[in-house]
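Open the model in your viewer and keep the selection tool at hand. The stops below are meant to be taken in order.

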Amino acid sequence: MSSSLEFNKIAAGVLCGGLLLMGVGKLAGVLVHPTDLEENAYPIEVSGETAVAAAPAGPAPIEPILGLLATADIAAGEKGAKKCAACHSFDKGGPNKVGPNLWNVVNAEKGHVDGFAYSDAIKASGETPNWTYSSLNKFLKKPKDYAPGTKMNFAGIRKAEDRAEMVAYLRSLADNPAPLPTTEEIQAAQEAYNAASGG
């Protein structure tokens, strides 16, 4: 009987010790907030032969979709747009929701839907005042990169083919769809991408 009592005392001591260690660890995590240094305290010198080339400044170039639009699957774009339907309507004269109605958006002026409070980030975004094929491609890739400060909470569409399908679907949402890019425009976009990406 006394041996089981001794065992219980030892087990209780081990358990209490473990709980005490866990409590001290949690308390230390609350009291101490480690911060990352901007640069190493002891810089390491690297010889020129083994140094890695610095990454180019600015955002990575985005693969153009102009050459994919003519053959893009509009039905696949419509299917992909279903995830956008919680925030946007797509039919002519449809209501604004959290985001604006997207009927006739291709080549429309940014901030063109009456009665919708666009953010300044959207109105001032990109290189053109209109939603061109290229600006839609860049926006759909990663909205927060294209329009920093946008209220749109969407991570983006990673694959160029998927973006082309989405833009082809948006192009179809018009009484008179915007003309497809010319061969010269497609070639110029591809050459600019190749030059920017070092290809």
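Select Asn104 and show its surface: at 38% relative accessibility, Asn104 counts as partly exposed, because the partly exposed class runs between 20% and 50%. Keep in mind that this is a predicted model. Asn104 belongs to the loop between helix H2 (74–80) and helix H3 (120–123). Check its backbone next: phi of Asn104 is positive, about 60°, although the residue is not a glycine. Most residues other than glycine have a negative phi.

Move to Asn107, which lies in the loop between H2 and H3. Its phi is also positive, near 75°, and Asn107 is not a glycine. With 36% relative accessibility, Asn107 counts as partly exposed.

Now turn to the rings. A search of the whole structure finds five aromatic pairs. For one of them, select Trp131 and Tyr146: the ring centres are 6.1 Å apart and the planes meet at 35°, a tilted pair. Trp131 sits in the loop between H3 and helix H4 (133–141), while Tyr146 is in helix H5 (residues 143–146), 15 residues apart. Trp131 is buried at 7% relative accessible area, and Tyr146 is buried at 11%.

Add Phe139 to the selection. The rings of Phe139 and Tyr146 have centres 6.1 Å apart and planes at 80°, so this pair is edge-to-face. Phe139 and Tyr146 are both buried. Together, Trp131, Phe139 and Tyr146 form one aromatic cluster.

For the last stop, select Lys110. What does its charged end sit over? The charged end of Lys110 is over the ring of Trp131, 4.9 Å from the ring centre.

Definitions and conventions
Residues are numbered from 1 along each chain as its sequence is written. This is a predicted model: local features need pLDDT of at least 70, side-chain atom pairs count only at pLDDT 80 or more; totals for chains, interfaces and linings use all residues. Side-chain values use heavy atoms; hydrogens and water are left out. Helices (H or I, at least four residues) and strands (E, at least two) are DSSP runs, numbered from the N terminus. Buried means under 20% relative accessible area, exposed over 50%, partly exposed in between (1.4 Å probe, protein chains only). Rings of Phe, Tyr and Trp (its six-membered ring) pair if their centres lie within 6.5 Å; planes under 30 degrees apart count as stacked, over 60 as edge-to-face and the rest as tilted. A charge sits over a ring if NZ of Lys or CZ of Arg is within 6 Å of the ring centre and within 35 degrees of the ring normal.
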